[in-house]
Amino acid sequence: MGIQGMELCAMAVVVLLFIAVLKQFGILEPMSMEDSSDSELELSTVRHQPEGLDQLQAQTKFTKKELQSLYRGFKNECPTGLVDEDTFKLIYSQFFPQGDATTYAHFLFNAFDADGNGAIRFEDFVVGLSILLRGTVHEKLKWAFNLYDINKDGYITKEEMLAIMKSIYDMMGRHTYPVLREDAPLEHVERFFQKMDRNQDGVVTIDEFLETCQKDENIMSSMQLFENVI
């Protein structure tokens with residue numbers, strides 16, 4: 001797998017797994033027309049009350065009906081209105097019983113936990129989902145950069161990218177075909193930096209990341225794959 005494959009793998013895993021979680025939640029089921037008259041989110045049964053429907057619509061690219069449907073699915077699975085990290089890890093482990101999804105789920109959880117309070121709110125959920133499914137290429141790439149930038153200091157280091165890649169390999173398990181070599185994650189990281197680290201200072205900045213990705217046709221086409229999921 002070349003540099004394009006590594007990048008596409010990391011981004012595709014994010015989106016495909018999130019879509020799988022949505023289906024597990026029942027959130028991607030067709031909306032019932034009988035619910036279309038609802039004008040506001042139902043807030044009375046949850047401990048965390050999300051922002052108003054109009055405000056969420058302004059922050060995302062979802063319609064009011066879509067937000068209502070997403071909220072019903074979210075509330076059914078998360079009655080408190082919050083998803084903690086242990087629950088998030090449990091969800092992802094169900095999709096990869098042959099591997100260990102714990103570390104990858106940790107990184108992905110932190111990417112969605114926008115305010116770093118240790119819980120994913122409905123607002124975090126729909127804002128992240130809106131970017132992944134309907135955001136501009138620039139917005140999607142910034143989201144991916146934020147995932148790779150584990151300590152959120154504005155740079156991707158080799159150590160951070162290696163941790164991400166190892167977590168993906170761990171999640172996929174040891175029964176992949178062809179069998180992956182132990183040094184495969186490190187090779188991908190080296191190729192990533194050869195292409196992304198334009199000034200060869202040992203870190204990748206957001207500008208370097210955006211510039212390189214936007215010049216890659218494979219990465220650009222991958223950004224459009226999931227726009228019509230819901």
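**Close-up views of a predicted model**

**View 1. Ser-167 and the residues around it.** Once neighbours within four places in sequence are set aside, Ser-167 is in contact with Asp-100, Thr-103, Tyr-104 and Phe-107. The model shown here and in the views that follow is a predicted one. To find Ser-167, look in helix α8, which covers residues 158-172. Is Ser-167 buried or exposed? Its relative accessibility is 1%, and Ser-167 therefore counts as buried, since the cut-off for that class is under 20%. The side chain of Ser-167 also reaches back to its own helix region, where the backbone oxygen of Ile-164 lies at 2.6 Å.

**View 2. Helix α5 against helix α8.** Staying with α8, this view brings in helix α5, made up of residues 102-112. The two axes come within 7 Å and cross at roughly 130°. α5 and α8 are therefore oblique to each other, as an angle over 115 but not over 145 degrees falls in neither the perpendicular nor the antiparallel class. The crossing of α5 past α8 is left-handed. On the α5 side, the contact is made by Thr-103, Tyr-104 and Phe-107. On the α8 side, Ala-163, Ile-164, Ser-167, Ile-168 and Met-171 take part. Ser-167 from View 1 thus returns here, together with Ile-164, whose backbone oxygen the Ser-167 side chain reaches.

**View 3. Helix α8 against helix α9.** The partner of α8 is now helix α9, residues 184-196. What is the angle at which α8 and α9 pack? The angle is about 135°, and the axes are 9 Å apart. This pair is therefore oblique, and its crossing is right-handed. From α8, the contact draws on Lys-158, Met-161, Leu-162, Met-165, Lys-166 and Tyr-169. From α9 come Ala-184, Pro-185, Leu-186, His-188, Val-189, Glu-190, Phe-192 and Phe-193.

**View 4. Glu-159, another residue of α8.** Glu-159 is located in helix α8. With a relative accessible area of 60%, Glu-159 is exposed, because that class takes values over 50%. For a landmark elsewhere in the sequence, try Val-203, which is 44 residues away along the chain from Glu-159. The C-alpha atoms of Glu-159 and Val-203 are separated by 9.8 Å.

**View 5. Phe-112 in helix α5 and Leu-129 in helix α6.** Phe-112 belongs to helix α5 and, at 3% relative accessibility, counts as buried. Gly-128 sits 16 residues from Phe-112 in sequence, and the C-alpha to C-alpha distance between these two is 6.3 Å. Next to Gly-128 in numbering you will find Leu-129, a residue of helix α6 (residues 122-134). Leu-129 has 0% relative accessibility and so counts as buried. Which residue, 68 places away along the chain, can be paired with Leu-129 here? That residue is Lys-61, and its C-alpha atom is 9.5 Å from the C-alpha atom of Leu-129.

**View 6. A polar contact at Asp-216.** Asp-216 lies in the loop between α10 (206-214) and α11 (217-222). Although placed in a loop, Asp-216 counts as buried, with a relative accessibility of 6%. Zoom in on the side chain to see its polar contact with the side chain of Lys-195, at 2.5 Å.

**View 7. Two loop residues with positive phi.** Start with Lys-152, in the loop between α7 (137-148) and β3 (155-157). Lys-152 is not a glycine, yet its phi is positive, at about 55°. How much of Lys-152 is accessible? The relative value is 37%, which means that Lys-152 counts as partly exposed. Now move to Gln-200, in the loop between α9 and β4 (203-205). Gln-200 likewise has a positive phi, near 55°, in a residue other than glycine. At 69% relative accessibility, Gln-200 counts as exposed.

**View 8. The whole chain, for orientation.** Zooming out, the chain has 11 helices and four strands. It has 230 residues, of which 47% count as buried. Its accessible surface comes to about 11,500 Å², with 51% of that belonging to carbon and sulfur atoms. Of the contacts between residues at least 6 apart in sequence, 69% join residues at least 24 apart.

Technical notes. Residues are numbered from 1 along each chain as its sequence is written. This is a predicted model: local features need pLDDT of at least 70, side-chain atom pairs count only at pLDDT 80 or more; totals for chains, interfaces and linings use all residues. Side-chain values use heavy atoms; hydrogens and water are left out. Buried means under 20% relative accessible area, exposed over 50%, partly exposed in between (1.4 Å probe, protein chains only). Contact means heavy atoms within 4.5 Å. Accessible areas come from the Shrake-Rupley method with a 1.4 Å probe; for residues, only the protein chains shown count as cover. A polar contact is a pair of N or O atoms within 3.5 Å; within protein, one must be able to donate a hydrogen and the other to accept it, and residues adjacent in sequence count only if both atoms are side-chain atoms. Axes are lines fitted to C-alpha atoms, for helices over the stretch in contact, and angles run from 0 to 180 degrees between N-to-C directions. Angles under 35 degrees count as roughly parallel, over 145 as roughly antiparallel, 65 to 115 as roughly perpendicular and the rest as oblique. A crossing is left-handed if the near helix is turned anticlockwise from the far one by less than a right angle, and right-handed if clockwise.
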